[in-house]
Amino acid sequence: MLISDIMRTTLIKVRPEAPVGHVLIWYGGMAHVFRNTYVVDHCDRLLGVVTIHTFLSVIVPHSVTEEAKAGRLDGREDLLDALRRNMAAISETTVGSLMDCDHPFAHPEDLFVMASELIVEKGVTALPVIDPNGVLVGEITRRMILHFLVQNL
């Protein structure tokens with residue numbers, strides 16, 4: 001079974017100059033669960049990946065966590081105010097400045113077990129799938145692979 005037989009083609013794709021604030025608004029309005037935001041050029045060639053983990057680390061910085069642990073944020077509203085201030089400060093940050101340019105990837109003609117091995121080896125939840133020209137054509141996730149295995153074994 002090839003990756004192209006299992007992968008999804010509905011993805012979040014943005015240009016490197018897209019502001020983080022805009023991308024996060026998109027996340028808030030989505031019905032589907034997406035783990036990665038794919039940064040592509042004008043020809044849809046993959047430039048990098050921004051994971052939900054990366055977004056969380058930017059939205060909830062260590063400094064806010066430390067203030068909360070130290071008791072300097074008194075209650076829910078103080079914590080939310082600190083997070084809102086941080087959001088305002090980072091909202092114009094470009095997605096390109098956050099992207100991982102070395103994120104592992106797969107090819108549509110690879111066997112799905114190769115993607116499974118790479119996902120486990122690299123400790124990621126999903127892999128972008130690119131064609132021979134580097135164009136992003138899909139994504140394969142741990143869940144997709146597991147679902148396929150459960151349905152077919």
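**Exercise 1.** How many helices and strands make up the secondary structure of the protein?

*Solution.* First, the ground rules: this is a predicted model, where local features need pLDDT of at least 70, side-chain atom pairs count only at pLDDT 80 or more, and totals for chains, interfaces and linings use all residues. Residues are numbered from 1 along each chain as its sequence is written, and side-chain values use heavy atoms, with hydrogens and water left out.

Next, take the DSSP runs: helices are H or I with at least four residues, strands are E with at least two, numbered from the N terminus. That gives seven helices and five strands. Walking from the N terminus, you get α-β-α-β-β-α-α-α-α-β-β-α.

**Exercise 2.** Which elements give two or more residues to the largest nonpolar core?

*Solution.* Start with the term: a nonpolar core is a set of buried Ala, Val, Leu, Ile, Met, Phe, Trp, Tyr and Cys residues joined through side-chain atoms within 4.5 Å. Buried means under 20% relative accessible area (1.4 Å probe, protein chains only).

The largest core holds 16 residues, and V14, V20, V23, V50, F55 and V95 touch the most other members. The elements you're after are β1 (12-14), α2 (20-28) and α3 (52-59). Helix α2 supplies the largest share, four residues. There's also a second, separate core of 15 residues, I119, V124, I145 and F148 among them.

**Exercise 3.** Which residues is V20 in contact with, leaving aside its neighbours within four places in sequence?

*Solution.* Contact means heavy atoms within 4.5 Å. Skip those neighbours, and V20's list reads F55, I90, S91, T93, T94, V95 and L98.

Conventions. Buried < 20%, exposed > 50% of the residue type's maximum accessible area, 1.4 Å probe, protein only.
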